[in-house]
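Colleague: I would love to learn how you justify the words you use for a protein model. Could you take me through your reasoning, one term at a time?

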Amino acid sequence: MISKEKEGIKASKKTLSATRQAWELQKNEYARGHQLKKEGKPVVWSCALFPKEIYWAMDIVPFFPEQAASLFSTRRLGNSRDQSVPTYSVKYCQVAEAEGFRDYICGYARAMLGYVIDNIRNNAWEEAPLGGLPLPDLMISTSYTCDARMKWFETMAQMMKVPFFLLDVPELPHDLPATLPSGRQPLIFPESRFKKGRRPLVTSPKDYDLDYMVSQWEDCIAFIEDVTGHKYNPDKLNEALEWSYKTAEIERQIYQLRKAVPAPMSSADGFACAFPRLYLMGTRRCYEFFVALRDEIKERVAQKIGVIPEEKFRLMWYGLPTWFNMGIFNYFEKIGGVFVWETFYNTGLLPPRRPEDPIKELAIKCFQNRLGAITGPISIGDSLSEVVQEAREYKIDGAVLAYLITCRYIVYPVVEIAKILREELSVPSVNLESDLVDERIFAESQAFVRLDAFGEQLLNRS
């Protein structure tokens with residue numbers, strides 16, 4: 001049996017030298033951002049899924065509250081190791097809840113609303129890990145993927161009295177038929193769509209969708225120019241988009257390499273890539289990070305070096321991670337289990353370059369994000385087909401489904417995913433209830449008992 005002593009905050013053990021550099025990259029970016037703010041560069045607080053290329057093109061410094069909330073969940077107040085001391089994210093969640101924000105909304109939102117409320121009162125912004133976030137000159141968010149992100153960012157902007165812009169991305173019809181009188185939305189797909197590894201049909205954007213999205217980008221650029229005085233430079237935008245395109249191709253190669261048996265890279269390493277992938281896309285330093293990662297994985301595949309000496313079963317993680325306890329991704333390694341794939345934070349193939357019209361390219365990129373690129377799938381049917389296809393390609397024996405009870409976007413496909421994995425591939429799964437950054441919602445001993453039983457089940461099948 002795996003020991004179930006109380007673990008509290010626990011970092012994951014990385015297998016790869018390249019991913020161990022992600023923390024240094026993150027520290028350097030925070031230090032760089034604080035210095036640029038002191039030098040007078042405009043700082044924007046933005047959301048994780050907003051295309052970053054426009055920020056590099058307009059020479060403004062982006063920081064991301066979602067990322068800060070995950071960072072805050074990895075440190076206790078005063079860097080204490082005493083488990084009775086709350087993490088920064090729990091402290092800030094409690095501040096937000098005391099102000100009337102309900103405990104069932106997104107942990108990212110609660111943590112960062114609390115951070116803003118607490119520091120408007122106490123002016124201790126830099127006492128947070130890595131000096132906290134430099135104060136923003138503007139905020140920009142988007143309408144897609146997350147339904148909390150629009151009002152959460154708007155509320156922070158109102159509190160801090162900074163200009164706010166929302167990039168609106170049109171909703172497109174997707175793959176679910178109309179609701180039946182019973183209220184159930186049936187999942188009716190030809191069986192061949194799963195057998196042939198095809199994705200269910202998702203409507204492509206029409207000309208009027210793209211025209212609207214282009215107008216949104218034009219409005220966004222005008223907003224940035226008006227607030228910061230920095231002018232849009234199409235050459236710089238093309239340069240950033242080229243780095244993104246090249247990085248996406250390197251990542252495509254990494255995904256293919258990760259299918260090898262034994263697994264050359266685990267999800268512990270995969271989630272370590274979230275910082276450069278989500279927050280540095282469109283830069284040379286992001287590209288170079290993934291080139292180094294690709295080369296290291298390629299060498300391990302050639303030499304048949306796995307994450308552990310004897311791989312007995314392969315696991316998939318569906319959903320976002322428990323940032324306050326990433327050690328969970330090494331949990332099964334003692335008994336031969338490896339998380340070989342994680343379904344979120346993976347860059348999809350980008351649309352062909354349009355150097356003659358980079359704004360149009362950004363517009364198309366927004367719809368690409370909605371259609372299952374870096375944001376993950378957008379509907380239950382799309383989620384099902386993606387998970388089934390990945391389970392086949394990565395030779396998955398079992399799945400852990402992160403049942404993030406404060407994130408509807410993650411939760412709503414989980415029941416159907418468990419069902420389709422079992423019915424299509426005879427792959428068992430287990431739910432793990434939690435929040436992204438609020439460790440109070442994670443029942444540690446209960447989770448470990450459940451994972452132990454699941455590990456034994458997979459060993460008996462292998």
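**Reading the model term by term**

Modeller: Happily! Strand 5 is a good place to start, for it is mostly covered: six of its six residues are buried. Please keep in mind that this is a predicted model.

Colleague: Which residues of strand 5 point one way, and which the other way?

Modeller: Phe313, Leu315 and Trp317 point one way, while Arg314, Met316 and Tyr318 point the other way. Residues on both sides are buried.

Colleague: What makes alanine 268 count as buried?

Modeller: Buried means under 20% relative accessible area. Alanine 268 has a relative accessibility of 1%, so this residue counts as buried. You will find alanine 268 in helix 11, which spans residues 267-272.

Colleague: What does alanine 268 touch, leaving out residues up to four places away in sequence?

Modeller: With those left out, alanine 268 touches Ser12, Lys13, Lys14, Phe329 and Asn330. The C-alpha atoms of alanine 268 and leucine 16 are separated by 9.7 Å, and these two residues are 252 residues apart along the chain.

Colleague: Back to strand 5, please. How do you know that strand 5 pairs with strand 7?

Modeller: Two strands pair if there are at least two bridges between them. Strand 5 (residues 313-318) and strand 7 (residues 398-404) are joined by four bridges, and they run parallel. You can look for methionine 316 opposite alanine 399 in strand 7, and for tyrosine 318 opposite leucine 401.

Colleague: And how many bridges does strand 5 have with strand 6?

Modeller: Five bridges, again in the parallel sense. There, leucine 315 stands opposite phenylalanine 339 of strand 6.

Colleague: What is the order of the strands in this open sheet, and why are some called edge strands?

Modeller: Four strands form the sheet in the order 6-5-7-8, with parallel pairing. Strand 6 (337-342) and strand 8 (429-434) each pair on one side only, and they are the edge strands. From one strand to the next, the twist averages 30°.

Colleague: Which helices lie across this sheet's strands 5, 7 and 8?

Modeller: Helix 17 (residues 414-425) lies across strand 5, strand 7 and strand 8, at about 170° to strand 7. Helix 18 (residues 444-461) also lies across strand 5, strand 7 and strand 8, at about 165° to strand 8.

Colleague: What is the order of the open sheet that contains strand 4?

Modeller: That sheet has four strands in the order 2-1-3-4, and its pairing is parallel. Its edge strands are strand 2 (61-63) and strand 4 (164-167), each of which pairs on one side only. Here the twist averages 25° from one strand to the next. Helix 9 (residues 207-228) packs on the sheet and touches strand 3 and strand 4, with a direction at about 165° to that of strand 4.

Colleague: How do you know that strand 3 and strand 4 pair?

Modeller: Pairing needs at least two bridges, and four bridges join strand 3 (residues 138-142) to strand 4. One partnership is isoleucine 140 opposite phenylalanine 165, and another links methionine 139 with phenylalanine 164.

Colleague: What makes you say that the side chains along strand 4 alternate?

Modeller: Phe165 and Leu167 point to one face and are buried. Phe164 and Leu166 point to the other face and are not buried.

Colleague: Why do you say glutamate 333 has no salt bridge?

Modeller: A salt bridge requires a side-chain nitrogen of Lys or Arg within 4 Å of a carboxyl oxygen of Asp or Glu. For glutamate 333, the nearest side chain of opposite charge is that of lysine 13, 6.0 Å away. So that distance lies beyond the 4 Å cut-off, and glutamate 333 is buried without a salt bridge. Glutamate 333 sits in the loop between strand 5 and strand 6.

Colleague: Which residues have the most contacts inside the largest nonpolar core?

Modeller: They are Trp45, Phe72, Ile140, Trp217 and Leu293, in a core of 146 residues. Leaving out residues up to four places away in sequence, leucine 293 touches Leu16, Ala18, Thr19, Ile254, Met265 and Cys273.

Conventions
Residues numbered from 1 in each chain as written. Predicted model: local features only at pLDDT ≥ 70, side-chain atom pairs only at ≥ 80, totals over all residues. Heavy atoms only, no water. Helix = DSSP H or I, 4+ residues; strand = E, 2+ residues; numbered from the N terminus. Axes fitted to C-alpha atoms, helices over the stretch in contact; angles between N-to-C directions. Contact = heavy atoms within 4.5 Å. Buried < 20%, exposed > 50% of the residue type's maximum accessible area, 1.4 Å probe, protein only. Lys, Arg positive; Asp, Glu negative; His and termini not counted. Core = buried A, V, L, I, M, F, W, Y, C linked by side-chain atoms within 4.5 Å.
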